[in-house]
Amino acid sequence: MSSPRLPQARGSSVQPELASTLPGLRPHPGLNLNLEPAPRGAVASALSGARSSAAALRGGMNPSTPTTPSLKNEPESPAKSEPGEEFRMEKLKQLWEKARRLHLSPVKLAELHADLKIQERDELNWKKLKIEGLDEDGEKEAKLIRNLNVILARYGLDGRKEAQMVHSNSLSDSAQDDGLGDPRLEKLWHKAKTSGKFSSEELDKLWKEFLHHKEKVAEYNVLLETLSRTEEVYDNVISPSDRSQVKDDVLHSKHSELKDRLRSINQGLDRLRKVSHQGYGPTAEFEEPRVIDLWDLAQSANFTEKELESFREELKHFEAKIEKHSHYQKQLEVSHQKLKHVESFGDSEHVSRSRERHALLQGKTQELGYKVKKHLQDLSSRISRARHNEL
């Protein structure tokens, strides 16, 4: 099994296992993503957003348009927040209210809340940098737009009918009937299930790893579509006389992000092959898929032995934080089911107390979710800096 199916540039030659380039892009010398072609139409909608993306990059986007978010001239709410307001930025408020109308599960809503809080923090920090002239090439702004696109796709807020993402840390992990969306992954999973090498607990753990891999591939494809639109915007908006090293630097940074994510996908795929065939060893370093990914990437980064050992210890603390968050997610789901029952059969006082307890639990779950995502972001950044120091 090879890397995820991705769009192939028109006219490029394809070897049996890989394609040589990305669609509509001109990768920098030495960039080799080792991609397979996808079925026709995999990103058919990518270029349709080019003109609206151009408006977004200029800062003229209508905030009700979710698929090409703008960061410039973003209207914010007054400094004095009204009771119950979740976000300072008007754009994120609208996304949050839309999500609540979609009747997402409490666990997914809590996850979305944490993602949007991280996005808001990063966008507000970016605005300060912009004022100080520290993002002249627009690289940080482009990264924020890509991150928001991933969030929109992950929670079905991008206007598309199909849900593009799964959540490897959600309570639906046991719902294996949903499938993995890739026949090759399905074959590996079937082989593992029937091999007799795994206990029921180990199979649950392996299933989470497969779902985590599926999520990484889906996020990669969202970023690829965003990059295709960005390239089209540059072709439509920037005249030849305006093309400069700034454009090349920005696009190269996007290619670097894709390359880093693809490296993580390939390493994760190699691990799934190995574990599916051999089973789990007696001395597994970590249990949680995101921590396993980070550890694999850290071992191939430019860390000294002392730095790597320190990183290992921090990953242990991070895994404990994830386990605590997962516990609260389960409790939130149980609380939600109890609340539905009480609302159907209980008296008003009982309903009021149940809603209050549920709200407190939801707030704690959102808080832990934010801490987990922020910690993950910090650890990933450390690995990325160490890897790029090799260059």
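Contacts between residues 24 or more positions apart make up 74% of the contacts in the protein with a separation of 6 or more. The model is a predicted one, and of its 391 residues, 46% count as buried. Its secondary structure comes to ten helices and two strands, and the order from the N terminus on is β-β-α-α-α-α-α-α-α-α-α-α.

**Helix packing around α3**

Two packed helices are described by the angle between their axes and the distance between the axes. Two such pairs involving α3 are set out below.

| Helix pair | Angle between axes | Axis distance |
|---|---|---|
| α2 (residues 90-101) and α3 | about 175 degrees | 11 Å apart |
| α3 (residues 106-131) and α9 (residues 305-345) | roughly 135 degrees | within 9 Å |

Because angles over 145 degrees count as roughly antiparallel, α2 and α3 are roughly antiparallel to each other. On the α2 side their contact is made by Lys91, Leu92, Leu95, Trp96, Ala99 and Arg100, and on the α3 side by Leu109, Leu112, His113, Leu116, Gln119, Glu120 and Glu123. By residue type, the contact of α2 with α3 divides into seven nonpolar, two polar and four charged residues.

The axes of α3 and α9 cross at roughly 135 degrees, which makes α3 oblique to α9. Here α3 contributes Pro106, Val107, Ala110 and Glu111, while α9 contributes His325, Gln329, Leu332, Glu333 and His336. The residues of this contact of α3 with α9 comprise four nonpolar, three polar and two charged.

What does Gln366 touch, leaving aside residues up to four places away in sequence? Gln366, which has its place in helix α10, touches Trp96, Ala110, His113 and Ala114. Of these partners, Trp96 belongs to the α2 side of the contact with α3, and Ala110 belongs to the α3 side of the contact with α9. Gln366 counts as buried because its relative accessibility is 13%.

**The nonpolar cores and helix α8**

The largest nonpolar core has 17 residues, and those with the most contacts inside it are Phe303, Phe311, Leu315, Phe318 and Ile383. Two or more residues of this core come from each of α8 (289-299), α9 and α10 (348-388), with α8 giving the most, namely six residues. Phe318 touches Val291, Leu294, Val372, His375, Leu376 and Leu379, not counting residues up to four places away in sequence. Apart from this core lies another, of 16 residues, among them Trp96, Ala99, Leu109 and Leu124.

Is α8 mostly covered or mostly exposed? Helix α8 is mostly covered, since nine of its eleven residues are buried. The buried residues are Pro289, Arg290, Val291, Ile292, Asp293, Leu294, Trp295, Leu297 and Ala298, and among them Val291 and Leu294 are also partners of Phe318. At the N-terminal end of α8, Glu288 acts as a cap, with a side-chain oxygen lying 2.7 Å from the backbone nitrogen of Arg290.

Glu288 can also be related to α9 through Ala320, a residue that lies in that helix. The C-alpha atoms of Ala320 and Glu288 are separated by 9.5 Å, although the two residues are 32 residues apart along the chain. Ala320 counts as partly exposed because its relative accessibility is 42%, whereas Gln366 of the α10 helix counts as buried.

Technical notes. Residues numbered from 1 in each chain as written. Predicted model: local features only at pLDDT ≥ 70, side-chain atom pairs only at ≥ 80, totals over all residues. Heavy atoms only, no water. Axes fitted to C-alpha atoms, helices over the stretch in contact; angles between N-to-C directions. Helix = DSSP H or I, 4+ residues; strand = E, 2+ residues; numbered from the N terminus. Parallel < 35°, antiparallel > 145°, perpendicular 65-115°, else oblique. Contact = heavy atoms within 4.5 Å. Nonpolar A, V, L, I, M, F, W, Y, C, P; charged D, E, K, R; others polar. Core = buried A, V, L, I, M, F, W, Y, C linked by side-chain atoms within 4.5 Å. Buried < 20%, exposed > 50% of the residue type's maximum accessible area, 1.4 Å probe, protein only. Polar contact = N/O pair within 3.5 Å; in protein donor to acceptor, adjacent residues only side chain to side chain.
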